[in-house]
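Hi everyone, thanks for squeezing me in. I'd like to walk you through a structure that's probably new to most of you, so let's put it up on the screen.

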Amino acid sequence: MSAEIIQSRREWLLSDRPASRLQARLGRAYVAWRRFSANRLALVGMLIIIALLVVAAFADVLAPYSPTIGDLKNARLLPPGAAHWFGTDDLGRDIYSRIVYGARWTLYVVILVAVIAAPIGLLVGTVAGYASGWTDTILMRITDIFLAFPKLVLALAFVAALGPGIENAVLAIAITSWPPYARIARAETLTVRNSDYIKAVQLMGASPFRIVLRHIMPLCISSLIIRVTLDMAGIILTAAGLGFLGLGAQPPLPEWGAMIASGRRFILDQWWVAAAPGAAILIVSLGFNLLGDGLRDALDPRSGDQ
Amino acid sequence: MSGDTLLDVDDLRVTFPTRTGLVQAVRGVSFSLGRERLGIVGESGSGKSQTGRAIMGLTPPQAEVSAKKLAFDGIDLLSISPRERRALRGNRIAMILQDPKYSLDPVMTIGRQIVETLRTHEKVSKAEARERALAMLQAVQIRDPARVFDLYPHEVSGGMGQRAMIAMMLVTGPELMIADEPTSALDVTVQLDVLKILDKLVAERGMGLIFISHDLRLVSSFCDRVVVMYAGKVVEQIKASELRDAQHPYTRGLLNCMPRIGFERHPLPVLDRKPEWAA
Amino acid sequence: MTAAITLEGLEVVFDRFRALKGVSLEVREGESYGLVGESGSGKSTLLRAITGLAPVASGKITVNGKTLGKTRDKAFYREVQMVFQDPYGSLHPRQTVDRLLQEPLAIHGIADGEKRIQRALDEVGLGIGFRFRYAHQLSGGQRQRVAIARALILEPSVLLLDEPTSALDASVQAEVLNLLEEVRRRRKLTFLMVSHDLAIVTHMCERLMVMQNGEAVETLTASQLIGHRVSEDYTRNLLRASEGFVRTA
């Protein structure tokens, strides 16, 4: 692409006289991207997450061996080497392939939890903040009840009730994750609910439903995205914890937490069985944290759109 | 009017770095001040507040302040150390800001703030500091100074808060006072009271005063001379009494565009901004 | 002439604070009526009470012949609209001008939005380049113009104005005041305008009411005020304060 085309595209995006809704939105996104990409660590975080997505998408191509079937006779507990980059586990399965396929399960957990917990939190928080009065009190006390329990303990209780398995683990984690989002959404709602622009829309005859959905929720989304991204590391660790306790992913699923659990027995002599999935969790959690920090700097409404 | 020169400003420039490049808030402002009242008038973005802050040394650290000369009583403000600057600030040069809600410390009583200001710059005992603070509160016509001494800023009205701020700034007996929109946040009847107090104190103590405001008419009735700023530059320097004969079209436009009681014009004359004013 | 707005003994109480203490007034159709007072006078509360945003303890409000109850219906908002004081707070930070003007049309199910938005922007003197800007890309005066366009797009007959120019620079203020006058003349609107500035009120309004501490002090015409034919001391004080500072030292 020639320099002139890039320059004119850039001017189009940064134009102060956008000619269409699309141009205005893209322009705004471009400015946010510039702010985000100026932060090198944020870019590192983003690259890690992109790598995670690529690995998960192309697992079939990237994994040389099967993640579930191992060579019990010849390949038990082999150290990292040319044939098996991360070594093999106690069932002769290639750890590298298991980690590659495990990326899919990590994404499964993280995306499902975000998709379930965030909208619930957003809805509860905005409705409580806007309605105030009894609605607010009741919704917030329910939120407080959930917040009173330590997350892992509550997730454990749910999984114990629902039965072990990765789907139930996801559900349990989602149920324990929504309260902080409700708190954030409510705080943002309280900040804006008395502003003139909300009053102006009330004075047009908008229903409370419309005001919450179309005017207040968009203002909460930034804070929520940042918080969800920063929480993802914790979600992965909770899922890993549940897997470690045998209550999350069940064998033979190559979920990283379960892999650490089964590798626990060999940690002294065959350290790679637990270390490899541990490192994977570390890197991905770091990636989400860096991404979340970068998003906060780029999207924070308080820092303005200058 | 002016005997000795209190403040000498020559080609003052203040530049801020922003994400989209450098912004020149003040672009070559020059004026001098004796023991007189100078008004600096401009709209938002004219650079008037930044000029005041540069003189005080309160420009944000990321900005760059430069001048051919910026001298107070012969002292070069740009070359002295931060410590020496601090010794001047609040002691010989004072500043009052617009809204006492935001410029007074909300967690300290009014009296304590005045005492602290005094004891920062002079070695006085607590008792003497309290006496002087009470005397100062009296001087700004606060009727019950002992009671107000123990009140917090949120417990007093805007007008009283502003008077407390004036008391706090004058307690050390400064020679130069910079007032940045001191009455803009006040009701119009309260404005007059506060201005009367400022008027009396400045005259009594023979201080130099820089009155920064967007209100040209107010400034011209309060000050001896007026400096009009536009887009970071001085477009006119004129004696307040001769404002009607102002030369620059911006000054004339600014005078004319405001509605005046008893002088009906429909529609109001609108300022026709010429790009060469900002050149 | 019929009355556009009538208030009879309006009492507004917030918790235990009496913001309005039995205020009565009458605004004729097509008239421009001013409310003047200092902070705490209750003038903004009065506007809010008319729009249904303040708790009315007792008294009657009648707009265009209809007595208003505790809530307002959609039809009311097609007759009465408001322009707010702070241009930096009255526009949604995440919405383009186009979206801001779409919203009232969408709420009331009005079609041909494209034409109306175009016309609204033309009426307030904003060209086509402004339509897809966000609020933070507009100056104070431009924002206020958008706020006026938004208020007018539903074609109300009554416009409530809460200090519409006090947050603007002097030169911009003149432009916005001229715009408001022109709009009123063209659409034959009734204005109820709140201000602390006597000069603006005498410029824009025919009659005005002076308020203090939630009560009506005096009702007079602009020409009476200009001619200093006032009956109350408080009004006289306000007038004198508006005339500016006189040096004694």
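**Two helices, then an interface**

Let's start in chain C, where H5(C) goes past H6(C) in a right-handed crossing. Keep in mind that what you're looking at is a predicted model.

So how do people describe a pair like that? Two packed helices are characterised by the angle between their axes and by the distance between those axes. Here, helix H5 of chain C covers residues 140-152 and helix H6 of chain C covers residues 170-187, and their axes come within 10 Å, crossing at roughly 15°. Angles under 35 degrees count as roughly parallel, so H5(C) is roughly parallel to H6(C).

Which residues meet there? On the H5(C) side we have C:Gly140, C:Gly141, C:Gln144, C:Arg145, C:Ile148 and C:Leu152, and they meet C:Val172, C:Glu175, C:Val176, C:Leu179 and C:Val183 in H6(C). Sort that contact by class and you get 6 nonpolar, 3 polar and 2 charged residues.

Okay, over to chain B. UniProt, in an unreviewed entry, lists residues 7-256 of chain B as "domain: ABC transporter". That stretch of chain B is 39% helix and 27% strand, with its end C-alpha atoms 31 Å apart.

Now, where chain B touches chain C, the contact takes 29 residues from chain B and 27 residues from chain C. On the chain B side, helix H8 (188-205), helix H9 (216-222) and helix H10 (249-256) each supply at least two residues. H8(B) gives the largest share of that side, 8 residues. And what's the mix on the chain B side? It's 15 nonpolar, 8 polar and 6 charged.

That's my tour, thanks!

How values were computed:
Residues are numbered from 1 along each chain as its sequence is written. Chains are lettered from A and ligands numbered from 1 in the order in which they are written. This is a predicted model: local features need pLDDT of at least 70, side-chain atom pairs count only at pLDDT 80 or more; totals for chains, interfaces and linings use all residues. Two residues are in contact if their C-beta atoms, placed from the backbone, lie within 7 Å. Helices (H or I, at least four residues) and strands (E, at least two) are DSSP runs, numbered from the N terminus. Ala, Val, Leu, Ile, Met, Phe, Trp, Tyr, Cys and Pro count as nonpolar, Asp, Glu, Lys and Arg as charged, and the others, Gly among them, as polar. Axes are lines fitted to C-alpha atoms, for helices over the stretch in contact, and angles run from 0 to 180 degrees between N-to-C directions. Angles under 35 degrees count as roughly parallel, over 145 as roughly antiparallel, 65 to 115 as roughly perpendicular and the rest as oblique. A crossing is left-handed if the near helix is turned anticlockwise from the far one by less than a right angle, and right-handed if clockwise. UniProt positions are given in the numbering used here, feature names are shortened, and annotations may be inferred rather than shown by experiment.
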